[in-house]
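Dear colleague,

I am handing over a structure that you have not worked with before, and I would be grateful if you could look through it with the notes below at hand.

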Amino acid sequence: MALSKYVALLCLGALSHFCSQVIADTCTVQSNPARCDLTDGSNRYIDITPAKFPDFPSEDGQFTYAFDPSGTGLNNGGTCTPGNQAAACQNAGDWFTLGLASQVSVDVQPNANPVTSTWSYSGGDSGRAVSIVITCGGSTPGKIDDKGEHPELTYNFALTSQAGCLQPTSGTTTHPVTQPEPVTGPTEAPEVGISPGSVTVIIFFSVGTIYIAGGIALMRVRSGAQGLEMIPNREFWVSIPGLIKDGVMFLFSPCRRGGGDYEKL
């Protein structure tokens, strides 16, 4: 039954990976590159149009950067111009485009508290790219920090801004500008849907059912087992109470109390 143990572990690992992916949701970007709409049917969106930073320093102070998610507001020179649809730029003696607003993808964790989203831009000069993790909170436009270049030519930033908060979709197709909200308490409606804890419980019982049912069928067909002998890895499960007993006895044995005398063999 060693094979069944490996199969059970592989199934659990695959399902755990699937569970971690369920928590994140993809946002679709349409005509406005600074806005993405959730695809989970909740009619919510994020619009980071107000999060504009024309000049902020790098982590080590050697460079300066600029960010405008709309791709129309940067005109710093070099390739960092509205005509190039630059969303993020770097000043390293001359301005270079790090990523284009037209080449953006967004992943959102709508159930996180606070809500976080990752905006990834490609199409920069000489293969440069940008990853910006935006956390809902603070004010607008908020606070942006350089998080270094890793891997090479991929520039990472962290932004905390009210512009990163989820908003309900209205009945129109316009893109409302996010206004600062007073920090007096929760501002978002309670999340509706299955929680991560519920997903974990469902996966646990699903894997357990597959493990027991599959193991019983395998023991019956391959070994002709009957009754309790059909339980997969029965010897292992039966030995658990004895192992627990041995552990408790070891913890409370005279040797643990430092009696100083050893029992003669």
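What follows is an account of the core, the salt bridges and one surface patch.

Please keep in mind that this is a predicted model, in which local features need pLDDT of at least 70 and side-chain atom pairs count only at pLDDT 80 or more, while totals for chains, interfaces and linings use all residues. Residues are numbered from 1 along each chain as its sequence is written, and side-chain values use heavy atoms, with hydrogens and water left out.

I begin with the interior. The largest nonpolar core holds 32 residues, and those with the most contacts inside it are Ile-48, Phe-67, Trp-119, Tyr-121 and Phe-157; such a core is a set of buried Ala, Val, Leu, Ile, Met, Phe, Trp, Tyr and Cys residues joined through side-chain atoms within 4.5 Å. Among the strands that each supply at least two residues of this core are β2 (35-38), β7 (95-109) and β8, and β7 gives the most, with five residues. Strands (E, at least two residues) and helices (H or I, at least four) are DSSP runs numbered from the N terminus.

Trp-119 lies in strand β8 (residues 116-123) and counts as buried because its relative accessibility is 0%, where buried means under 20% relative accessible area, exposed over 50% and partly exposed in between, with a 1.4 Å probe and protein chains only. Its C-alpha atom is separated by 4.7 Å from that of Val-106, although the two residues are 13 apart along the chain.

Three salt bridges are counted, each being a side-chain nitrogen of Lys or Arg within 4 Å of a carboxyl oxygen of Asp or Glu. Arg-35 pairs with Asp-37, with the closest N and O atoms 2.9 Å apart, and both of these residues are buried. Lys-143 pairs with Asp-145 at 2.7 Å between the closest N and O atoms; here Lys-143 is exposed, with a relative accessible area of 52%, whereas Asp-145 is partly exposed at 29%.

On the surface, Ile-244, Val-248, Phe-250, Leu-251 and Phe-252 make a nonpolar patch of about 550 Å². Patches are made of residues with over 30% relative accessible area and no salt bridge, like charges being joined within 9 Å and nonpolar side chains (Val, Leu, Ile, Met, Phe, Trp, Tyr) within 5 Å, and accessible areas come from the Shrake-Rupley method with a 1.4 Å probe, only the protein chains shown counting as cover for residues. Ile-244 sits in helix α3 (residues 234-251) and counts as exposed because its relative accessibility is 52%.

With kind regards
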